2 protein chains.
Amino acid sequence: MLQGLMQDDFQLTIPAIARRLQSCYSDREIVTLREDGPDHVTYEAVGERVSRLARALDRLGVAPGERVGTFAWNNQRHFELYLAVPSVGAVLHTVNVRLFPEQIVYIINHAEDRVVFVDDSLVPVLAPLVDQIVGVRHWVVMGDGPIPEGLPGAISYEDLLADAGEGVYDFPEIDERQAASLCYTSGTTGNPKGVLYSHRSIALHSTTMCMADGLGLSASDRLLAIVPMFHVNAWGLPYSAALTGATLLMPGPHLQGEPLARLIEIEEATLIAGVPTVLSGLLEHVEQHGGDVSSVRGGICGGAAVTRGLMEGYERHGISILQAWGMTETAPLLTIARPATGLDGEEAWADRLTAGRLSPWVEARIAGDDGAEPHDGEATGEVEVRGPWVASAYFGDESQSDKFNGGWLRTGDIAAIDERGFVRLTDRAKDLIKSGGEWISSVELENELACHPSVREAAVIAMPDERWSERPLACVVLEDGHTPAPKVLRDHLAPSFARWQLPSSFAFIDEVPKTSVGKFDKKVLRAQLAEDELEIASVEPVKS
Amino acid sequence: MLQGLMQDDFQLTIPAIARRLQSCYSDREIVTLREDGPDHVTYEAVGERVSRLARALDRLGVAPGERVGTFAWNNQRHFELYLAVPSVGAVLHTVNVRLFPEQIVYIINHAEDRVVFVDDSLVPVLAPLVDQIVGVRHWVVMGDGPIPEGLPGAISYEDLLADAGEGVYDFPEIDERQAASLCYTSGTTGNPKGVLYSHRSIALHSTTMCMADGLGLSASDRLLAIVPMFHVNAWGLPYSAALTGATLLMPGPHLQGEPLARLIEIEEATLIAGVPTVLSGLLEHVEQHGGDVSSVRGGICGGAAVTRGLMEGYERHGISILQAWGMTETAPLLTIARPATGLDGEEAWADRLTAGRLSPWVEARIAGDDGAEPHDGEATGEVEVRGPWVASAYFGDESQSDKFNGGWLRTGDIAAIDERGFVRLTDRAKDLIKSGGEWISSVELENELACHPSVREAAVIAMPDERWSERPLACVVLEDGHTPAPKVLRDHLAPSFARWQLPSSFAFIDEVPKTSVGKFDKKVLRAQLAEDELEIASVEPVKS
C-alpha cells in the first residue's frame with residue numbers, strides 16, 4: 001500500500017497541548033473561585049508550575065503508565081495535574097468525590113493509584129477510608145493553609161512544587177495511543193467500570209469540540225466550566241481551553257446559584273457548561289435575586305435530558321443553551337443539539353429537544369432485529385456508536401465485553417436517528433416499559449409531564465401489572481403550592497400519547513432520587529415501589 | 001507502556017468524511033457556476049454519484065495506491081473525484097491547469113497517472129501534450145456536451161457514471177497513513193516537487209480549520225471556494241465543507257470580478273476564500289460596478305502577502321478578510337491572522353498584517369546560528385515547522401532531503417515569531433538582499449511601496465553591486481496616469497527604513513511577472529535584469 005509522505009508520526013498528545021498553551025497563550029488566564037473571590041493566574045505561570053509538577057512526579061517515583069489519582073474540585077491545581085500527569089507518561093485517574101465511600105475505595109484500589117492528589121477541603125472525605133485503600137505510596141494535599149489531619153505522611157502540593165526547581169521540563173516522547181487518563185462510570189448497577197482514555201482520543205475530542213458547530217470555543221471566550229473535572233475530564237473543556245487559549249473559569253466547590261452568578265458577573269463569562277440540575281439552580285438564583293449574566297452568549301448542558309423549560313428560562317436572559325449527549329465511555333460528547341440551518345420557532349425547538357446531531361468523526365447505528373434500522377427519524381432501537389473517542393473495553397474488567405460489539409459500543413440508549421444525523425433518545429434500554437407486548441417510553445412521558453406548569457420534575461418507572469405485564473407509574477415532584485389531581489396530569493398527556501401509553505398511576509414525591517452525578521436514580525424508585533414505600537394515586541384507566 | 005482502551009484503530013480517512021456527508025447533510029448543496037447560471041445539486045445526489053464513480057474507478061482497473069489525475073476547475077464533478085478517488089484507496093493527483101506545458105507533461109509522467117479526468121473546456125490545453133505523456137490508460141472527459149477532439153479513446157464522465165449502476169458503494173478499509181492525494185509545488189526553481197498527502201493529514205487539517213478561531217466553518221455557511229481545487233486541495237475546503245455540511249459554491253473557470261460578484265449575490269455566500277489577485281479583482285468590480293455582497297461575513301486570503309489596502313477595501317463592505325500562510329508542503333494552512341482577543345484599531349491591524357497565529361497542532365521554530373532563536377517577535381531566521389499535516393519528504397524525489405531537517409520542514413521563509421505564536425514573515429530565504437554584510441528585506445520594502453497611492457504593485461530584487469555586494473532594485477508598477485519621480489517613492493520609504501536599506505534604483509514596469517498561481521516570479525525579473533532588459537532610474541543615494 002502506498003503510504004503518504006506526511007509527518008504521520010507527529011503524535012496527538014497532551015504534551016503538545018501543553019506546549020501550545022505556553023507558546024501561544026501565555027497571557028491568557030485561568031481563574032479559580034476561592035472563598036475570598038476569584039484568583040487569577042496566567043497560562044504562563046501555570047505552564048511553569050506544570051514543569052515543576054512534572055519534575056515532582058519524577059521525584060515521587062511515578063513510572064510511565066502508573067496511575068495518579070486526583071480527588072479535587074475544578075481549580076487551577078487540578079488543571080495543572082490534567083496537563084502534567086499525562087505529559088510525563090503517567091495516567092491521570094480523576095476520582096469522583098461524590099461517589100459513595102465504598103465506591104471510592106473500590107476504584108482507587110481497582111485503578112491501583114500510586115499517588116493521590118487531594119484538595120484540602122476534601123481530606124475529611126478520604127481520611128476515614130484510608131485503612132481500606134491499598135497501594136497508595138503518597139498522599140499530596142492541595143491548598144493554601146496547613147495540611148488537615150488524616151492522610152498518612154501527607155505532602156503539601158505547594159512544598160512539592162517549591163522543591164522541584166525551575167526551568168522548562170522536557171516531556172518524554174509519547175505515543176498517541178498511550179493511556180492518558182482514567183475515569184470510572186457512575187453507573188447505577190454493579191461496580192463502577194473504568195474507561196482508559198488514550199492521548200489520541202482526548203486530542204481529537206478536544207479539537208473537534210472546538211469546531212464552530214461544536215462548542216465553537218475561541219481565544220476570546222471566557223468559559224465557565226461547572227461540569228466537574230472529576231467526571232469524564234470535565235467534557236474535555238480544560239484541554240479545549242488550552243488548545244484555543246480560552247480563559248477558563250473554575251468554580252471550585254461553589255456550585256450553588258449565588259456563587260456561580262457572582263463569578264459570571266465579575267469575570268464576564270461568555271460560555272457556561274454544566275449538568276441540568278446545576279444550570280437550573282443558577283437560573284433560579286438569577287431569576288429570583290438578579291445578577292448580570294449579559295456577558296454569556298451560550299452554554300452546553302448534558303448528563304441528563306435538558307427540558308425545554310430550562311432552555312427557555314435561559315433564553316429570557318439571551319443565553320442559548322444547547323443540550324449534548326454522551327457518556328463516560330465516549331470521552332464524553334457524541335452529539336450537540338444545535339438546530340439545523342434555517343430553522344426557527346417550533347422547528348428549531350424540535351431539533352433542540354433532541355440529543356443533537358452526531359459530531360464529526362462519530363458514527364452511529366441503530367440495532368434492530370435484523371441488522372441496522374434505517375435512519376429515518378422513526379425506527380428506534382439501541383444506539384451503537386464508534387469513533388476515535390469511543391471506548392473499546394473497560395480497564396481491568398472483562399465481564400462487560402458484550403458492551404463492545406465488533407468495534408461498536410452499545411450505549412444502552414434507545415433512540416431514533418434521522419436523515420440529518422439527529423439522535424432522538426427515547427429511553428435507556430433498561431428504562432423502557434413493556435406493556436401488553438408494546439414498548440412505552442418513560443422519557444417521553446417524563447418530558448411531557450415536565451411541561452405541565454405544576455410539575456417540577458417527573459420520573460416514570462415500570463410497575464408490575466398482572467394483565468399488561470408492566471404499566472407506567474409516574475413519580476411526580478410538584479411545584480410549591482400546586483396540587484393537581486392525577487387526572488389533570490393524565491389529561492395533559494393525552495393529546496401526545498396513545499391511550500394505552502398513558503399512566504393511570506401517579507406517586508407524588510418530594511424529590512426524584514439522583515445518582516452522584518445528578519442523574520435520575522430509578523433503581524431507588526423501583527426499590528421503594530417494591531417495598532410499598534410509594535403512595536400511589538390511581539385514576540380510572542382510559543377506556544378503549 | 002500502558003495503552004489506552006479507546007477505538008484508536010478508528011481511521012481518520014476521507015471515506016469517513018464521505019459517509020458523514022451522506023448521513024448528516026443530504027439536504028445541503030453544492031453549487032457550480034455554469035455559463036447559464038448556478039447549478040444546484042444536493043449532497044445526497046453527490047453521494048449517489050460518488051458511489052457510481054467509485055464503481056467506475058474499479059471498472060477502469062484503478063488499483064489501490066495508483067494515481068488518478070484531474071485537470072479541472074472548481075466544480076461539482078471535481079468534488080466527486082475528491083471524495084471517490086481517495087475513498088477507493090487510489091491517489092487523487094490534482095494537476096495545476098495553469099502550469100507551463102512542459103511542467104504539465106512532467107508531473108503527469110512523474111506521478112505515473114493511469115487515468116486522467118479532464119474538464120471538456122480544458123481538453124484543448126492537454127490535447128497537444130498527449131504524445132509526450134506516457135502511461136495514461138484512460139482519458140475521461142467531464143462536461144455536458146459532446147467530447148471535444150484530441151484525447152485518444154476519451155470516455156465521457158457522465159456515460160461512465162450512467163453505466164456504473166445504482167446503490168451504495170462499500171468503501172474498503174483504509175489506513176489513515178495511506179496516500180490520499182498528490183499535489184506538485186509550483187516552485188520557481190527546478191522541476192515541480194510532489195507532496196503526497198495521507199488521509200490522516202487531510203482529516204486533521206480539515207477538522208482543525210473548522211475550529212472557531214480557524215475558518216469557523218459551520219453548517220449555516222455558504223462558502224465560495226475560489227481557491228483552485230488543482231492547488232493544495234483548495235486549502236482543504238471541500239473536505240471541511242463535507243465535514244460540517246457547509247454549502248459549497250464553486251465558480252468553475254469564472255474567476256473574474258463580475259461572475260464572482262454575481263455568484264455571491266445570487267447564492268448569498270457567507271464566506272469567501274481566494275488568493276489576493278482574485279480577491280482584488282472581485283473588490284475592484286464591486287467598487288466600480290456595485291453588487292450586493294452584504295451576505296458575506298468574512299473570508300480567508302492567502303498564497304501571497306495580503307495588503308492592508310485590500311483588507312481595508314473589504315472592510316468598507318463589512319467583510320473581514322483574514323490572511324493565512326502556508327504552502328503545498330503543509331496541506332496548506334499553518335497560520336490564520338485573526339487578531340488577538342481584545343485588540344482593536346492599529347493593534348488589531350498589526351496582528352492582521354502578520355502571517356497569523358500558528359494553528360493548533362502546528363509547531364514552529366526559528367533556525368538560528370546556534371540552535372533555535374527565541375520567540376520574542378524580534379529574532380528572525382528561517383522558519384521550520386512540524387505537525388500532522390506537514391510533509392516529511394517529496395514523492396519520488398530524494399534530491400530535496402535537506403528540506404526535511406530531522407522531523408522539521410524548512411519553509412524557506414524568514415520570519416520572527418512572537419510570544420503569542422504570531423508569525424511575521426520578513427522574506428523568502430532566497431529573496432533576502434545582502435548589502436554590506438547586512439540583510440535587507442525585500443518584502444518589507446514591497447509592502448511599504450504598495451502603500452503609496454501611485455503604486456499598484458512592487459517587487460524588490462537584489463541588484464549586484466561592486467561595493468555593497470547587493471543593493472535593492474525596486475521594480476514598480478504604477479497606477480494609470482501616475483508618474484512619480486523615483487525620489488518621491490524613496491522619500492515615502494524613508495521614515496520606515498534605515499538609510500542603507502533604501503533602494504536608490506527603480507525600474508518602472510508594466511506588470512510584475514507572476515507564476516502560474518499568481519505569485520511574484522522574481523526569477524523572471526532577475527533574468528531581465530541580467531539581460532539588461534530593465535530600464536533603471538537611479539536617484540542619488542542617501543548620504544550617511
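Is C475(B) buried or exposed? C475(B) has a relative accessible area of 0% and is buried (under 20% relative accessible area with a 1.4 Å probe on protein chains only; exposed is over 50%, partly exposed in between).

The model is predicted, with pLDDT of at least 70 needed for local features and 80 or more for side-chain atom pairs, while totals for chains, interfaces and linings use all residues. Residues are numbered from 1 along each chain as its sequence is written, chains are lettered from A in the order in which they are written, and side-chain values use heavy atoms, without hydrogens and water.

**View 1. Cysteines C24(A) and C475(B).** The count of disulfides (cysteine sulfur atoms paired within 2.5 Å) over all chains is 0. C24(A) is unpaired because the closest cysteine sulfur, in C210(A), lies 14 Å away, too far for a bond. For C475(B), the nearest cysteine sulfur is that of C451(B), at 18 Å. C24(A) is buried, at 2% relative accessibility.

**View 2. The axis relating chains A and B.** A turn of 180° and a shift of 0.1 Å along the axis lay chain A on chain B with an RMSD of 0.2 Å (least squares on C-alpha atoms of residues with pLDDT of at least 70 in both). This is the relation of a two-fold axis. In chain A, the residue closest to the rotation axis is M211(A), its C-alpha at 2.0 Å. Of the contact residues of chain A, 100% recur in chain B (contact: heavy atoms within 4.5 Å).
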